[in-house]
Amino acid sequence: MSKTDNIYSKPLAQVGGFTFDEQVVQVFPDMIKRSVPGYEKIINSIAMITNRCAVENSNLYDLGCSLGAATLSMRRGLQNKKGCQIIAVDNSQAMVERCEQYIHAYKSDIPVAVLCDDICNIHIENASVVILNFTLQFLTPEKRLSLLTNIYKGLLPGGVLVLSEKFVFEDPLSHQLLIDLHLDFKRSQGYSELEISQKRASLDNVLIADTVEQHYQRLQQAGFKHNDLWYQCFNFGSIISIK
């Protein structure tokens, strides 16, 4: 059972860099729901994307799976597809252990392998759907292109990548407004000014966001020629790329 996120509710002598440790795992469903506007819409839409784009006898990947919300959504979208399997990967042992519990709690004939590994080590093959749900932003920028290239090469023709991220914006007025709206969203979810400030400090130099245009350029470098923003809420959104 998920607990309420109160990790940053008390003043901390020193705010360390954000990590997906056991403390975060305990509150993660509450944290992400209250921190990422549109998160549930993206998760629910992954089932529809999977239903339309997955092909039988193929692999589906959830890279940076955390507790498996996108994995479970993909599995819902695979009900009429034969011979598919899902590979879910996260480099946090605490996340993987809890993810396996969530996956096994829902009975399904669709196999799911949950791996504890660096997603950059995973060889993508025979893939029809790949999900990077708020994951790329935690990789150092120099690793991002090689990962996307690996995904492109491993996708079947017509296969799709769903890339959800926090964005920055080139226009300073728009950028600041969207940041302010995101902060208002977090306040509306019950976060205090102290929690917002300490969480933001913990993410400095850990979450490095790109502009939408930077994502498009990198995706094109990786080989993707069909890239479009299919969802956005404030400074969070999701791109779909088709091979």
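Select strand 1, residues 59–63, in this predicted model, and display its side chains. Asn59, Tyr61 and Leu63 point one way from the strand, while Leu60 and Asp62 point the other way. In a regular strand, side chains alternate between the two faces of the sheet. All of these residues in strand 1 are buried, whichever way they point. Because five of the five residues of strand 1 are buried, the strand is largely enclosed by the rest of the structure.

Keep strand 1 in view and add strand 2, residues 85–90. The two strands pair in the parallel sense, over five bridges. To find the register, select Asn59, which stands opposite Gln85 in strand 2.

Now add strand 4, residues 127–133. Its pairing with strand 1 is also parallel, over four bridges. Here Tyr61 is a convenient residue to select: its bridge partner in strand 4 is Val130.

Next, display the whole sheet. It is an open sheet of seven strands, in the order 3-2-1-4-5-7-6, and its pairing is mixed. Strand 3 (112–116) and strand 6 stand at the edges; each has a single partner strand, so one side of each is left without a neighbour in the sheet. On average, neighbouring strands of this sheet are turned by 15 degrees against each other, direction ignored.

At the strand 6 edge, select strand 6 (226–233) together with strand 7 (236–242). These two strands pair in the antiparallel sense over seven bridges. One pair to highlight is His226 and its bridge partner in strand 7, Ile242.

Turn then to helix 3, which packs on the sheet and touches strand 1, strand 2, strand 3 and strand 4. The direction of helix 3 makes about 155 degrees with that of strand 1. Select residues 69–77 to show this helix; with strand 1 and strand 2 it makes a right-handed β-α-β unit.

The last stops are two loop residues. Most residues other than glycine have a negative phi. Phe134, although not a glycine, has a positive phi of about 55 degrees. Look for Phe134 in the loop between strand 4 and helix 5 (141–154).

Phe234, likewise not a glycine, has a positive phi of about 60 degrees. Phe234 lies in the loop between strand 6 and strand 7.

Is each of these two residues buried or partly exposed? Phe134 has a relative accessible area of 8%, under the 20% limit, and is therefore buried. Phe234 counts as partly exposed, at 26% relative accessibility.

Key:
Residues are numbered from 1 along each chain as its sequence is written. This is a predicted model: local features need pLDDT of at least 70, side-chain atom pairs count only at pLDDT 80 or more; totals for chains, interfaces and linings use all residues. Side-chain values use heavy atoms; hydrogens and water are left out. Buried means under 20% relative accessible area, exposed over 50%, partly exposed in between (1.4 Å probe, protein chains only). Two strands pair if DSSP finds at least two bridges between them. A crossover is right-handed if, with the strands pointing away from the viewer, the path from the first strand over the helix to the second runs clockwise. Axes are lines fitted to C-alpha atoms, for helices over the stretch in contact, and angles run from 0 to 180 degrees between N-to-C directions. Contact means heavy atoms within 4.5 Å.
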